[in-house]
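This report considers how a protein meets a strand of DNA and how two protein chains meet each other. Please look at the sequence and the structure before reading on.

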Number of protein chains: 2
Amino acid sequence: MLVSPAEPPILKELGTVSSTPEKYGADFLISSPVYGLVGIQRKELSDLVASAHDDRISRELISMKELDHAIWLIEGTPQWSSEGQSMWTRTNYTRSRHLGFLFMLSFQGFLLLSTDTITESGLLLSALEKWLQKEKHKGINGRPTARGEWGQADEREWRIHFLSGLPGLGSTRAEAVLDYFGGMPLEVHGDWSEVPGVGKKTAEQIRRIFDGN
Amino acid sequence: MLVSPAEPPILKELGTVSSTPEKYGADFLISSPVYGLVGIQRKELSDLVASAHDDRISRELISMKELDHAIWLIEGTPQWSSEGQSMWTRTNYTRSRHLGFLFMLSFQGFLLLSTDTITESGLLLSALEKWLQKEKHKGINGRPTARGEWGQADEREWRIHFLSGLPGLGSTRAEAVLDYFGGMPLEVHGDWSEVPGVGKKTAEQIRRIFDGN
DNA sequence: CCCCAGTGGATCTGA
DNA sequence: TCAGATCCACTGGGG
């Protein structure tokens, strides 16, 4: 991890001090085998207020575009008066302005992460570095294994479990499918819409999984 | 704004109660002239702990990919012991697991927002709705909203999710199976033992699910 | 999600 | 060429 010289000492310890991050408008730079070049911009809440006014921000945003992924790490918890005025600054900074700024960042494609303290930021950064080094991320697609009434699942339970991985099928409909086809639904390309509980829409959704559009 | 019926009353007041958001794996749905269909998933921190090992969550995540933009709104501030254990739950939930989950979400293309309380969430949501209604957002036109494979590829993800419901198949082998057969026209009665990573034993186990003993 | 243990697949070895 | 031994990737269970 490369750290900008402008960062406080505690954070400099996380990696090699270098001015390269600044070329990308970032404070930290991590290179990942999977996600490419990732830049992190750390902003304390008080700086953020300035940024939202400033036009310096637009320059930073533009240089961050060259990164594969750009992260904004926002440090500190905002406190608002009942009228939605910021409690941590003199200037006229409101909740809606703050949120608007965050929305803008998000929808521009920046990743947003937040911490409370600089210590937390440090921990987050090293966790992120470790995470980004990994060659493989299991992702979101896994499923737990079937579990039967008495621990070990039998064949039927496996089949129900398996089928209930289709969109629109829970265990009830999966069971209905199984009963309808009288066993494993060998007709994966058949018409499922006749199965009680499965309608046209669900059947269509499932068909797309098997056959494509 | 459409609000899922499962949300607490305070948040239901924000819009029209409807079950449509749930179809997209979301709790709230906002349609924007600029950004298209935006879904928001609200998660209290305590729920998040449970979610991390839930089969439902992965289905929700896949469903959310049909949205133009998917937001995760995380409610609550995590507190960690000096060893990195969560202070708000009994289970063994660690900072690194929590962060890993957030990183996964971010790099999968989900937008991350956080609040402290449900009240804050309400304010954020109405601010977001207002913000999304605007036709034009001045300020920086930064990164292209590079969505890449987002929004269309969910079919493959469904397939992986589905196949990994078979015994001996996780997301890795499920993907290998898809690649081997060149898509979903699976030869359910064919020989799977040739799939790289799937051997004789696993293939036999799977065959039994399809064909019986 | 992370961590860990056990299973089973892939690879290597030697005759 | 193939059985057997070794290694390592992946699954599966738990937190």
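The sections below treat the DNA surface and then the contact between the chains.

## Nature of the model

The structure discussed here is a predicted model.

## The surface near DNA strand C

Around DNA strand C there are 18 residues, and those that come nearest are A:Gly139, B:Ala52, B:Arg97, B:Gly197 and B:Thr202. Of the atoms of the strand that come within 4 Å of the protein, 81% belong to sugar and phosphate. Sorted by class, the surface near DNA strand C consists of seven polar, six charged and five nonpolar residues.

Three helices each supply at least two residues of this surface: α6 (118-133) of chain A, and α5 (95-107) and α9 (200-211) of chain B. Among the contributors, α5(B) gives the most, with five residues.

## Polar contacts with phosphate

Several contacts can be described atom by atom. A polar backbone atom of B:Gly197 lies 2.5 Å from a phosphate oxygen of DNA strand C. For B:Gly199, a polar backbone atom is likewise involved, at 3.3 Å from a phosphate oxygen of the strand.

B:Thr202 takes part through its side chain, in which an N or O atom is 3.0 Å from a phosphate oxygen of DNA strand C. B:Thr202 is also one of the residues that come nearest to the strand.

## The contact between chains A and B

The size of an interface is often given as the accessible area lost when the parts come together. Between chain B and chain A, the buried area is about 5500 Å², and carbon and sulfur atoms give 66% of this area. Chain A brings 62 residues to the contact, and chain B brings 61 residues.

Which kinds of polar pairing are counted between the two chains? There are three salt bridges, and 12 residue pairs are in polar contact. One salt bridge joins B:Arg95 to A:Glu120, with the closest N and O atoms 2.9 Å apart.

## The side of chain B that touches chain A

On chain B, the elements that give two or more residues to the side touching chain A are the helices α4 (55-64), α5, α6 (118-133), α7 (154-163), α8 (171-181) and α9, together with the strands β5 (69-75) and β6 (111-115). The element that gives the most is α7(B), with eight residues. By class, this side of chain B has 31 nonpolar, 18 polar and 12 charged residues.

Conventions
Residues are numbered from 1 along each chain as its sequence is written. Chains are lettered from A and ligands numbered from 1 in the order in which they are written. This is a predicted model: local features need pLDDT of at least 70, side-chain atom pairs count only at pLDDT 80 or more; totals for chains, interfaces and linings use all residues. Side-chain values use heavy atoms; hydrogens and water are left out. A residue is near a molecule or strand if one of its heavy atoms lies within 4 Å of it. A polar contact is a pair of N or O atoms within 3.5 Å; within protein, one must be able to donate a hydrogen and the other to accept it, and residues adjacent in sequence count only if both atoms are side-chain atoms. Helices (H or I, at least four residues) and strands (E, at least two) are DSSP runs, numbered from the N terminus. Ala, Val, Leu, Ile, Met, Phe, Trp, Tyr, Cys and Pro count as nonpolar, Asp, Glu, Lys and Arg as charged, and the others, Gly among them, as polar. Contact means heavy atoms within 4.5 Å. Buried area is the accessible area (1.4 Å probe) that two parts lose on being put together, summed over both. A salt bridge is a side-chain nitrogen of Lys or Arg within 4 Å of a carboxyl oxygen of Asp or Glu.
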